[in-house]
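Please read the account below alongside the sequence and the coordinates, since it moves from one feature of the fold to the next.

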Amino acid sequence: FDREMWRLRLLVIERNPSLLPALMGATAELERVLAEAVAERIGAPPTDPYPALVVAAATSAVRTATRHWGAGDSGPDLVEVIVDVFDALGRGLTPPT
């Protein structure tokens, strides 16, 4: 992943808030499809909110990791940041010591 390209993408979105609805719409559709896949995999009914919650937490974690990684000039690679963020989710968001 190219850190500078991510920075430019974030800058474009920041400077052009009119792009947010399209971005949010694409994200919502992705989350819907992923939630359906999770529900099917665990055998949950379509009305169960758990699959959507899992997907929302996962996509939020990736989005947070990507923003954090893209904001720095150096540091760990994106995969390491994503692993750290998912580790935090796995610990129940207990603050690091």
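**The pocket and the helices around it**

Helix H2 supplies the largest share of the lining of the largest pocket, namely six residues. The model in which this pocket is found is a predicted one, and the space in the largest pocket comes to about 630 Å³. Its lining consists of 19 residues, and those that lie nearest the centre are Trp-6, Leu-23, Thr-27, Arg-63 and Arg-67. Two or more lining residues are given by each of helix H1 (3-15), H2, H3 and helix H4 (78-90). Sorted by class, the lining of the largest pocket holds 12 nonpolar residues, three polar ones and four charged ones.

To place these elements in the chain as a whole, it helps to turn to the secondary structure. The chain has four helices and zero strands, and along the sequence the pattern reads α-α-α-α. Measured out along the principal axes, the C-alpha trace of the chain spans about 45 × 40 × 20 Å.

How two packed helices sit against each other is described by the angle between their axes and by the distance between those axes. For helix H2 (residues 20-42) and helix H3 (residues 50-71), the axes come within 8 Å and cross at roughly 130°. An angle that is neither under 35 degrees, nor over 145, nor from 65 to 115 counts as oblique, and H2 and H3 are therefore oblique to each other. The crossing of H2 and H3 is, in addition, right-handed. On the side of H2 the contact is made by Thr-27, Glu-31, Leu-34, Ala-35, Val-38, Ala-39 and Ile-42, while on the side of H3 it is made by Tyr-50, Pro-51, Ala-52, Val-55, Ala-56, Thr-59 and Arg-63. Taken by class, this contact of H2 with H3 has 10 nonpolar residues, two polar and two charged. Thr-27 and Arg-63, which take part in this contact, are also among the residues that lie nearest the centre of the largest pocket.

A second packing involves H1 and H3, whose axes come within 8 Å and cross at roughly 110°. That angle makes H1 roughly perpendicular to H3. Here Arg-3, Trp-6, Arg-7 and Leu-10 of H1 meet Thr-66, Arg-67, Trp-69, Gly-70 and Ala-71 of H3. The residues of the contact of H1 with H3 divide into four nonpolar, two polar and three charged. Trp-6 and Arg-67 belong to this contact, and both are also named among the residues nearest the centre of the largest pocket.

Key. Residues numbered from 1 in each chain as written. Predicted model: local features only at pLDDT ≥ 70, side-chain atom pairs only at ≥ 80, totals over all residues. Heavy atoms only, no water. Axes fitted to C-alpha atoms, helices over the stretch in contact; angles between N-to-C directions. Left-handed = near helix turned anticlockwise from the far one by under 90°. Contact = heavy atoms within 4.5 Å. Nonpolar A, V, L, I, M, F, W, Y, C, P; charged D, E, K, R; others polar. 1 Å grid on protein atoms, 1.4 Å probe; cavity = no way out; pocket = protein on both sides within 12 Å on 5 of 7 lines; lining within 4 Å. Points joined across faces, edges and corners; volume = space filled by probe spheres on them.
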